[in-house]
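Hi,

Here is the structure I promised to pass on. Have a look at it first, and my notes follow underneath.

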Amino acid sequence: MSRVLIIEDEPDLQQVLEYSFRQEGHEVAAAGRGADGLRLAKEHKPDLILLDLMLPDMDGFDVCKKIRQDKSTQHIPIIMLTARSSNMDQVVGLELGADDYVTKPFDFTVLHSRIKNLF
């Protein structure tokens, strides 16, 4: 895996994730809004998308749905990375096409293990 797209509106977490993936040698793109994330997904063709659910302009569920509906992005693995931890949110996320669902706060070691399992 070489390209990661982070769609996260919390600047501190976005920076920490970017740093972590760059330290491992990955190319990273980041967006703080869903619409920007959709655009970057089409432009950069990432190998993985980390997607927050609570974004300022659109719900992460909608972003996931649009990624899955677009032939140019539907194959990209998506890990939802969110504070929303209810069983219903997890079920909805997975049914919309997310490959995994990780709740905040999370451990980076566990996140990286989940990513490795996807590939």
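The chain has a mean pLDDT of 95 (the predictor's confidence in each residue, from 0 to 100), and 99% of its residues reach 70 or more. Confidence bottoms out in helix α5 (residues 108-118), with a mean of 89, and peaks in strand β3 (residues 48-51), at 98. Helices (H or I, at least four residues) and strands (E, at least two) are DSSP runs, numbered from the N terminus.

Some housekeeping: this is a predicted model, where local features need pLDDT of at least 70, side-chain atom pairs count only at pLDDT 80 or more, and totals for chains, interfaces and linings use all residues. Residues are numbered from 1 along each chain as its sequence is written, and side-chain values use heavy atoms, leaving out hydrogens and water.

Now the sheet. It is open, with 5 strands in the order β2-β1-β3-β4-β5 and parallel pairing (two strands pair if DSSP finds at least two bridges between them). β2 (27-31) and β5 (100-103) are at the edges with a single partner strand each, so one side of each has no neighbour in the sheet. Strand β1 (residues 3-7) pairs with β3 over 4 bridges, and Leu 5 sits opposite Ile 49 in β3.

Then there's helix α2 (residues 34-44). Its buried residues (under 20% relative accessible area, 1.4 Å probe, protein chains only) are Gly 34, Gly 37, Leu 38, Leu 40 and Ala 41. Down the axis of α2 they fall within an arc of 165 degrees (taken from the directions from the helix axis to the C-beta atoms), so they line one face of the helix. Right after α2 comes Lys 45, with a positive phi near 45 degrees.

Cheers

Notes: Buried < 20%, exposed > 50% of the residue type's maximum accessible area, 1.4 Å probe, protein only.
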